Every structure is written in C-alpha cells, then in structure tokens.
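User: Hello! Could you walk me through this model, one question at a time?

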Amino acid sequence: MITAIVFIHADVARLSGIADEISQVPGVSEVYSVTGDLDLVAMVRVRSIDGVATTVTDGINTVEGVEATQTQIAFRTVSQHDLDAAFSIGL
C-alpha cells in the first residue's frame, strides 16, 4: 500500500464543495480543510505509484476549483499505536 499526502490550493469560495468532490475520487481516503498556506490536504492510499498518478492527475486535478497540487509520498508510517507497541516490548 502506498500513502501519498496531496497539498491542495483551491478556490476558497467553493472549498466545501471541492473537498466533498475530492473525497469521492477513488483512492482518496480523507480530505482535511487546513490552516496556513494550503486550503486542503488529501490522503491517498493506493496499491501502486501508478495509482497515485491516476488518483492525482486524473482525479483530484480534474475537480473544478482545484488550482494547484503538490504530492508527497510517505516512506514509512509511524502511528501512536505502533509506538505504544514498540515501547511495550522494550524498544
């Protein structure tokens, strides 16, 4: 499984609708409205790099109101659950 984090600049006048539409794109697991320089952040979870390309290029970038995206690929996932398990065995 590949996880990608997609930073999205979008038309702020239509942000809620844009977020809803992005959330329906196959491969998108979550969409967050955020503060700062970005408008939205989408989490993409797919089986391959080609899946990331398809989800971002043919899906997210085609949503009307999306102005620009930047995609980051996650190398490793570390969750609180993982950390608790590691500390419970002495790591």
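Here is a short set of questions and answers on this model.

Analyst: Happy to help. This is a predicted model, where local features need pLDDT of at least 70 and side-chain atom pairs count only at pLDDT 80 or more, while totals for chains, interfaces and linings use all residues. Residues are numbered from 1 along each chain as its sequence is written, and side-chain values use heavy atoms, with hydrogens and water left out.

User: In which sense do strand 2 and strand 3 pair, and over how many bridges?

Analyst: Helices (H or I, at least four residues) and strands (E, at least two) are DSSP runs numbered from the N terminus, and two strands pair if DSSP finds at least two bridges between them. Strand 2 covers residues 28-33 and strand 3 residues 40-46. V31 stands opposite A42 in strand 3. The pairing is antiparallel, over 5 bridges.

User: Which residue takes a positive phi in the hairpin of strand 2 and strand 3?

Analyst: This hairpin has 6 residues between the strands. The phi in question is near 100°, and the residue is G36.

User: Which residue of strand 3 forms a salt bridge with E30?

Analyst: A salt bridge here is a side-chain nitrogen of Lys or Arg within 4 Å of a carboxyl oxygen of Asp or Glu, and the count comes to 1. In the pair with E30, the closest N and O atoms are 2.5 Å apart. E30 lies in strand 2 and its partner in strand 3, so the pair ties together parts that are 15 residues apart in sequence. The partner is R45.

User: Is T55 buried or exposed?

Analyst: The terms are set by relative accessible area: buried is under 20%, exposed over 50%, and partly exposed in between (1.4 Å probe, protein chains only). T55 sits in helix 2, residues 49-59. Its neighbours in contact (heavy atoms within 4.5 Å) include V25, P26, V44 and I60. With a relative accessible area of 6%, T55 is buried.

User: Which backbone oxygen lies 2.8 Å from a polar atom of the T55 side chain?

Analyst: A polar contact is a pair of N or O atoms within 3.5 Å; within protein, one must be able to donate a hydrogen and the other to accept it, and residues adjacent in sequence count only if both atoms are side-chain atoms. At 2.8 Å from the T55 side chain, the oxygen belongs to G51.

User: How wide an arc do the buried residues of helix 2 cover around the axis?

Analyst: The buried residues are G51, V52, T55, V56 and G59. The arc is that of the directions from the helix axis to the C-beta atoms, and its width puts these residues on the same side of helix 2. The face turned away carries the exposed residues D50 and D58. The arc is only 120°.

Notes. Lists of a residue's contacts leave out its neighbours within four places in sequence.
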